[in-house]
Amino acid sequence: MRYLILGSGPAGIAAARAARQMEQDAEVVVTTEESAPPYLRPHLPDVVSGEKEAGAVADPQGNALAAERIEVRQGKRARRVDAARNRVTFSDGTEETYNFLLVATGGKPIVPLALMGCPGSFLLLNSLGDALRIRARAMRSDASLVYGPGYLGIEAARALRTLGQQVTWVNPGLPRFGNPISGEIEAKITEKLRKNGVRIKEGTDIADALDLDGGTYNVLTTGGETIRCQMIVVATERLPAVGFLEGSGVKVGTGALVDEYLRTGVSNIYAAGDCAEVFDINRRESRINFGWRSAMKQGQLAGENMAGGNKLYIRNTEDYFGLLYGQPLPERFK
Ligand SMILES: Cc1cc2nc3c(=O)[nH]c(=O)nc-3n(C[C@H](O)[C@H](O)[C@H](O)COP(=O)(O)OP(=O)(O)OC[C@H]3O[C@@H](n4cnc5c(N)ncnc54)[C@H](O)[C@@H]3O)c2cc1C
């Protein structure tokens with residue numbers, strides 16, 4: 001059997017290892033657009049702040065993949081899935097075949113439309129490359145604006161403030177997709193950020209960004225304010241990265257739609273992690289269970305099920321929020 005896995009995040013790597021455990025003589029191949037070995041995305045803010053070096057955020061799940069005979073092919077971005085021929089085409093023009101395919105491509109941050117007119121003004125916070133880019137730009141600037149609701153906005157603001165930046169956090173409101181942090185915790189953390197010198201603009205949005213001199217920007221808010229900065233960090237929620245499934249026959253809602261076994265409507269294609277919209281048998285509805293632990297759990301289950309495991313995915317609310325990776329959120333802000 002040949003298992004092809006798209007994405008080297010926690011879902012993809014857990015799936016590869018589970019498929020290997022289930023089937024010792026299978027061919028297990030992970031293809032990813034990344035150039036870095038698997039890393040812990042939750043630690044990216046620490047890379048921005050300099051509390052962790054890039055080399056210190058490797059995902060322990062990614063250790064010893066070669067010893068488990070799991071091949072990881074980097075620099076390969078999936079462009080098209082031909083489900084009739086069991087083939088995936090990549091942006092470099094190469095193709096891979098499969099008996100079973102797992103889509104574990106996670107998500108990409110939502111970029112506010114208002115920033116589209118000023119593309120040089122903002123940097124995303126999603127990948128290791130992004131974190132290094134933000135850190136490098138912060139070294140050349142004094143004032144940053146962080147845009148994004150909830151946990152990611154908080155973490156980006158904290159990291160840049162730790163670096164000594166003057167930080168304004170524009171928090172447009174509650175996240176639409178993930179679990180909001182409980183009101184009490186968010187209020188406490190927001191207060192800590194404020195005490196640490198972060199200027200917080202809540203309930204307002206970015207109306208436009210104007211380039212003043214190629215390195216300084218005026219950000220106009222819907223509340224009528226103008227905020228001057230040298231960098232805008234977009235730390236927004238991530239939407240499933242599943243555009244390449246168009247025309248494949250795999251149904252997509254917000255994410256790739258899967259049943260309670262994480263199988264799409266195409267019987268040999270599965271999806272897991274932040275890109276998967278999973279049918280919850282208890283609530284009888286489909287939803288995306290964003291988060292690291294949930295991605296690992298779904299990845300493992302999808303890997304087992306592709307190899308004949310036939311196991312049900314049961315959502316557990318602790319899978320994502322109570323147990324954030326690493327230190328619990330409130331402790332990071334003591
Ligand atoms: C800054 C930051 C901090 C976070 N902190 C936390 C936290 O503390 N706790 C928590 O639970 N969650 C946190 N998250 C969310 C968590 O990282 C995700 O929920 C988790 O990584 C999802 O895992 P995944 O495997 O589904 O997707 P991802 O980790 O996103 O992995 C998907 C992989 O697929 C690759 N890919 C995408 N498209 C393609 C393509 N077309 N072809 C090939 N490869 C592709 C991507 O490059 C990526 O490597 C954080 C996220 C960010 C960005």
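A polar contact here is a pair of N or O atoms within 3.5 Å, and within protein one must be able to donate a hydrogen and the other to accept it. With that in hand, welcome to a set of close-ups from a predicted model.

**Figure 1. The protein chain as a whole, for orientation.** Before zooming in, here is the full chain, with its seven helices and 21 strands. Its C-alpha atoms fill a box of roughly 60 × 40 × 35 Å along the principal axes. The radius of gyration is 20 Å, which agrees with the value near 20 Å that a compact globule of 334 residues would have. Buried residues account for 53% of the 334 residues in the chain.

**Figure 2. Helix α6 and the contact between E304 and K311.** E304 belongs to helix α6, and its side chain makes a polar contact of 2.7 Å with the side chain of K311. Is E304 buried or exposed? E304 has a relative accessible area of 11%, so it counts as buried, the limit for that class being under 20%. Helix α6, which spans 292-306, also turns up in the ligand view that follows.

**Figure 3. The ligand and the residues around it.** The shell around the ligand holds 30 residues, and E33, E34, A78, R238 and D274 come nearest. Which polar atoms sit by the oxygen atoms of the ligand? An N or O atom in the side chain of R238 is 2.9 Å from a ligand oxygen. The backbone takes part too: a polar backbone atom of G291 is 3.0 Å from an oxygen atom of the ligand, and a backbone N or O atom of W292 lies 2.9 Å from a ligand oxygen. On its own the ligand has 1,000 Å² of accessible area, and the protein covers 95% of it. Helices α1 (10-22), α4 (150-162) and α6 (292-306) are the elements that give two or more residues to the shell.

**Figure 4. The make-up of the ligand shell.** This view shows the shell by residue class and by domain. There are 13 nonpolar, ten polar and seven charged residues in the shell. Which domains contribute at least three residues each? Both domain 1 (2-107 + 239-319) and domain 2 (111-236) do.

**Figure 5. K76 and its partner D92.** K76 is found in the loop that runs between β3 (70-73) and β4 (78-82). Although its side chain carries a charged class label, K76 counts as buried, at 12% relative accessibility. The side chains of K76 and D92 are joined by a polar contact of 2.8 Å.

**Figure 6. T222, seen together with D92.** D92 returns here as one end of a long span: its C-alpha atom is 42 Å from that of T222, and the two residues are 130 apart in sequence. T222 sits in the loop between β14 (217-221) and β15 (226-229). With a relative accessible area of 54%, T222 is exposed, since that class begins over 50%.

**Figure 7. F100 and Y270, far along the sequence.** F100 lies in strand β7, residues 100-103. How far apart are F100 and Y270 in space? Their C-alpha atoms are 7.8 Å apart, while 170 residues separate them in sequence. F100 has 18% relative accessibility and therefore counts as buried.

**Figure 8. V57 and P42.** V57 is placed in the loop between α2 (44-49) and β3. Its relative accessible area is 0%, so V57 is buried. From V57 to P42 the C-alpha distance is 9.0 Å, with their positions 15 residues apart in sequence.

**Figure 9. Two loop residues with positive phi.** Most residues other than glycine have a negative phi. What phi does L262 have? L262 has a positive phi of about 70 degrees although it is not a glycine. L262 lies in the loop between β18 (256-258) and β19 (269-271), and at 0% relative accessibility it counts as buried. N310, also not a glycine, has a positive phi of about 55 degrees. The loop between α6 and α7 (329-332) holds N310. With a relative accessible area of 58%, N310 is exposed, whereas L262 is buried.

Key. Residues are numbered from 1 along each chain as its sequence is written. This is a predicted model: local features need pLDDT of at least 70, side-chain atom pairs count only at pLDDT 80 or more; totals for chains, interfaces and linings use all residues. Side-chain values use heavy atoms; hydrogens and water are left out. A residue is near a molecule or strand if one of its heavy atoms lies within 4 Å of it. Accessible areas come from the Shrake-Rupley method with a 1.4 Å probe; for residues, only the protein chains shown count as cover. Helices (H or I, at least four residues) and strands (E, at least two) are DSSP runs, numbered from the N terminus. Domain bounds come from an automatic or database domain assignment. The radius of gyration is taken over C-alpha atoms; the globule rule is 2.2 Å times the number of residues to the power 0.38. Buried means under 20% relative accessible area, exposed over 50%, partly exposed in between (1.4 Å probe, protein chains only).
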